[in-house]
Amino acid sequence: MTWRSHRILTGVTVLLITRNVWFTVAAVCGSTFPDRIEMICFGNWQKCHRKLSHWFVLYLLFLGLIYFVSGLGFSQSQVLLFLKWFFVGCLSHILEDAVSGRVPFLLPGKKKQVLPCLCYTGSVKEDFVVGLYVVLVLVFLYFS
């Protein structure tokens with residue numbers, strides 16, 4: 001998916017779930033991180049795209065660490081709350097990529113189709129799917 005689609009899908013979803021703008025901003029920031037980190041750290045973006053940075057286990061480990069630290073008495077930390085939703089945004093990115101291509105599942109070096117491919121990155125169908133999702137969420141919010 002395009003970065004625009006990642007931001008829209010993640011933002012709408014987190015806002016629907018939490019009704020919290022701060023959490024939504026954090027998740028939207030995380031929604032493009034797996035691609036951005038590839039560009040910064042690995043240089044040759046196409047060679048390493050959707051490998052280690054798209055392995056969901058890393059982000060689950062970070063979330064586990066945040067919950068562990070929160071249990072030590074830092075549960076009200078705004079930084080930890082931001083990081084928690086940032087990593088939720090990263091996981092959202094991976095899930096969204098899974099419906100528009102291949103992402104690693106069990107091992108970061110291997111690619112595996114996790115979900116059926118709904119659309120291809122940058123296609124008109126992607127825009128349609130994103131638009132339809134936003135309309136459905138707005139209808140849900142209106143009637144709830």
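## Contacts around Tyr59

Two residues are in contact when heavy atoms of theirs lie within 4.5 Å. With that in mind, let us start at Tyr59 in this predicted model. Setting aside neighbours within four places in sequence, Tyr59 is in contact with Phe33, Pro34, Ser53, Phe87, Cys90, Leu91 and Ile94. Phe87, Cys90 and Ile94 also appear beside Tyr59 in the largest nonpolar core, which we come to below.

## Overall fold

Stepping back, the protein has seven helices and zero strands. Along the sequence the pattern therefore reads α-α-α-α-α-α-α, in the helix and strand terms of DSSP runs. Among contacts between residues at least 6 apart in sequence, 61% join residues at least 24 apart.

The protein has 144 residues, and 35% of them count as buried. Its accessible surface comes to about 8,600 Å². Carbon and sulfur atoms account for 74% of that surface.

## The largest nonpolar core

Which residues make up the largest nonpolar core? There are ten in all: Tyr59, Leu63, Ile66, Leu80, Phe86, Phe87, Cys90, Ile94, Ala98 and Val103. Helix H5 (56-74) and helix H6 (78-98) are the elements that give two or more residues to this core. The largest share, six residues, comes from H6.

## A nonpolar patch on the surface

Nonpolar side chains turn up on the outside too. Phe62, Leu65, Phe68 and Leu72 make a nonpolar surface patch of about 440 Å². One of these, Leu72, is found in helix H5, a helix that also gives residues to the core.

Is Leu72 buried or exposed? Its relative accessible area is 56%, and because the cut-off for exposed is over 50%, Leu72 counts as exposed.

## One salt bridge

Side chains of opposite charge can pair when their charged atoms come close. How many salt bridges does a search of the whole structure find? The search finds one. Asp127 forms this salt bridge with Arg4, and the closest N and O atoms are 2.5 Å apart. Asp127 lies in helix H7 (residues 124-143) and Arg4 in helix H1 (residues 3-18), so the pair ties together parts that are 123 residues apart in sequence.

Both partners have some accessible area. Asp127 is partly exposed, with a relative accessible area of 38%. Arg4 is partly exposed as well, at 48%. Each value falls between the 20% and 50% limits, which is why the label is "partly exposed".

Notes
Residues numbered from 1 in each chain as written. Predicted model: local features only at pLDDT ≥ 70, side-chain atom pairs only at ≥ 80, totals over all residues. Heavy atoms only, no water. Helix = DSSP H or I, 4+ residues; strand = E, 2+ residues; numbered from the N terminus. Buried < 20%, exposed > 50% of the residue type's maximum accessible area, 1.4 Å probe, protein only. Areas by Shrake-Rupley, 256 points an atom, 1.4 Å probe, with all protein chains shown as cover. Core = buried A, V, L, I, M, F, W, Y, C linked by side-chain atoms within 4.5 Å. Patch = residues over 30% accessible without salt bridge, like charges linked within 9 Å, V, L, I, M, F, W, Y side chains within 5 Å. Salt bridge = Lys/Arg side-chain N within 4 Å of Asp/Glu carboxyl O.
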